[in-house]
Amino acid sequence: MIERGEDRIDPALVLGRRIAVMGYGNQGRAHSLNLRDQGVDVRVGARAGAGWDKAESDGFRPLGISEAAQWADWVVLALPDESVGEVYRREIAPFHSSSGALVFLHGFALVYGQVVPPEGVAALLVSPCGPGTAVRTEFEASRGVTALIAAEPVSALDSARAYSWAVGCSRAGLVATTFREETECDLFGEQAVLCGGLAELARAAWETLVEQGIRPEVAYLECVQQVRLLADLIAFHGIAGMFERISDTAEWGAYQTGPRVVGSESRAAMKEALARIKSGEFAREWLAEAGAGKPRLLANRAALAAAPIEATGASVRDSAPTPYPPPP
Ligand SMILES: NC(=O)c1ccc[n+]([C@@H]2O[C@H](COP(=O)([O-])OP(=O)(O)OC[C@H]3O[C@@H](n4cnc5c(N)ncnc54)[C@H](OP(=O)(O)O)[C@@H]3O)[C@@H](O)[C@H]2O)c1
């Protein structure tokens with residue numbers, strides 16, 4: 001399922017193109033630098049601000065978004081999913097050639113109709129399984145970050161492979177998927193496990209212990225700070241491999257309590273979350289929230305920052321720093 005090796009990749013599909021990377025944030029910076037190092041004719045399209053200034057300090061001569069769209073054969077949409085639609089309609093579509101390609105780093109904008117490529121313009125998906133910092137540092141270390149790839153029409157998949165080569169992802173491996181599968185799986189994974197589920201689980205466990213009189217720092221060290229250790233064990237050895245590397249007491253307790261904590265109610269909530277993603281309800285709600293200036297997102301962010309668990313976390317990090325290097 002994972003395509004390894006670069007034999008079937010034709011770099012000429014990308015080396016002959018003029019590629020504009022729109023946005024110079026987390027992913028945009030990494031893609032621009034990697035494309036340049038790989039010998040691709042790349043320009044950065046940006047608005048005035050932090051991204052523009054950073055691109056200049058990295059040696060690019062950025063263009064305005066519409067100017068870059070006019071110059072490019074291929075346009076890379078490294079813009080936030082909630083605003084790419086508006087930028088595309090206003091500043092890219094009227095200027096971009098109708099024979100080029102649009103490169104998406106996540107399928108959200110295409111699947112939920114925010115960007116509709118015109119007739120003759122291929123939609124390529126190259127979604128790295130890691131943050132932009134890793135896309136860049138792995139490239140510099142002659143490695144890469146695995147990417148999910150797709151194309152519409154499917155006949156353009158070799159172009160997605162070639163772009164993956166140009167940003168270093170094919171060195172690690174490529175997984176062919178569809179825009180819809182990538183989008184639904186990504187949204188569900190971050191909501192149910194990686195961001196939503198994990199944070200809520202750790203927080204609920206911490207609050208349970210503190211309510212029962214356990215000191216906040218002790219509860220935090222156990223239920224939050226050690227998450228990284230277990231996550232690394234799973235990443236390197238799988239779930240069964242993690243269980244092999246903990247005590248039998250911990251393993252036995254996990255079999256007893258895990259399925260009770262994540263029981264039928266949690267599984268029903270997961271199904272409901274997936275249904276909301278598939279129907280487009282989640283995307284509609286999020287786009288409306290973003291369009292209104294993100295009031296509820298900002299209120300949630302402020303409430304979490306002021307929550308007691310965060311003060312405890314800060315004090316634990318001060319007095320008992322994690323034995324691992326911090327992530328980039
Ligand atoms: N972050 C990840 O780990 C990751 C992983 C895989 C895929 N992706 C996908 O990569 C894409 C880009 O995400 P990102 O995390 O790289 O975004 P990001 O770090 O938030 O960067 C967004 C860039 O877009 C610019 N921008 C925002 N609004 C704009 C507007 N209205 N007009 C012009 N420029 C605008 C920002 O400019 P300023 O600098 O001026 O603010 C910034 O340079 C998304 O599709 C995302 O889903 C992200």
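The domain assignment divides the protein chain into domain 1, covering residues 2–177, and domain 2, covering residues 187–319. The model is a predicted one, and the points below take up the contact between the two domains, the surroundings of the ligand, and two places in the backbone. The ligand has 20 residues around it, and the protein covers 74% of the 910 Å² of accessible area that the ligand has on its own.

**How the two domains meet**

- Taken over C-alpha atoms, the centres of domain 1 and domain 2 are separated by 32 Å.
- The contact between them involves 6 residues on the side of domain 1 and 8 residues on the side of domain 2.
- The size of an interface is often given as the accessible area lost when the parts come together.
- By that reckoning, domain 1 and domain 2 bury about 630 Å² between them, and 71% of this area is on carbon and sulfur atoms.
- On the domain 1 side, Glu82, Phe108 and Tyr112 together supply 83% of the area buried against domain 2, which is more than any other three residues contribute.

**The ligand and its shell**

- Among the 20 residues around the ligand, those that come nearest are Tyr24, Asn26, Gln27, Gly51 and Asp81.
- Asp81 places a polar side-chain atom 2.7 Å from an oxygen atom of the ligand, and Arg47 likewise has a polar side-chain atom at 3.0 Å from a ligand oxygen atom.
- With Asn26 the pairing involves the backbone, since a polar backbone atom of this residue is 2.9 Å from an oxygen atom of the ligand.
- The protein leaves part of the ligand uncovered, its cover amounting to 74% of the 910 Å² that is accessible on the ligand alone.
- Two elements, α2 (26–37) and α3 (50–57), each give two or more residues to the shell around the ligand.
- Sorted by class, this shell is made up of 10 nonpolar, 8 polar and 2 charged residues.

**Two places in the backbone**

- Most residues other than glycine have a negative phi, and most peptide bonds are trans.
- The peptide bond that joins Glu152 and Pro153 is cis, with omega at about 5 degrees, and Pro153 is found in the loop between β7 (147–152) and α8 (157–166).
- Ser142, a residue other than glycine, has a positive phi, with a value near 60 degrees.
- Ser142 belongs to the loop that runs between α7 (132–140) and β7.

Notes:
Residues are numbered from 1 along each chain as its sequence is written. This is a predicted model: local features need pLDDT of at least 70, side-chain atom pairs count only at pLDDT 80 or more; totals for chains, interfaces and linings use all residues. Side-chain values use heavy atoms; hydrogens and water are left out. A residue is near a molecule or strand if one of its heavy atoms lies within 4 Å of it. A polar contact is a pair of N or O atoms within 3.5 Å; within protein, one must be able to donate a hydrogen and the other to accept it, and residues adjacent in sequence count only if both atoms are side-chain atoms. Accessible areas come from the Shrake-Rupley method with a 1.4 Å probe; for residues, only the protein chains shown count as cover. Helices (H or I, at least four residues) and strands (E, at least two) are DSSP runs, numbered from the N terminus. Ala, Val, Leu, Ile, Met, Phe, Trp, Tyr, Cys and Pro count as nonpolar, Asp, Glu, Lys and Arg as charged, and the others, Gly among them, as polar. Domain bounds come from an automatic or database domain assignment. Contact means heavy atoms within 4.5 Å. Buried area is the accessible area (1.4 Å probe) that two parts lose on being put together, summed over both.
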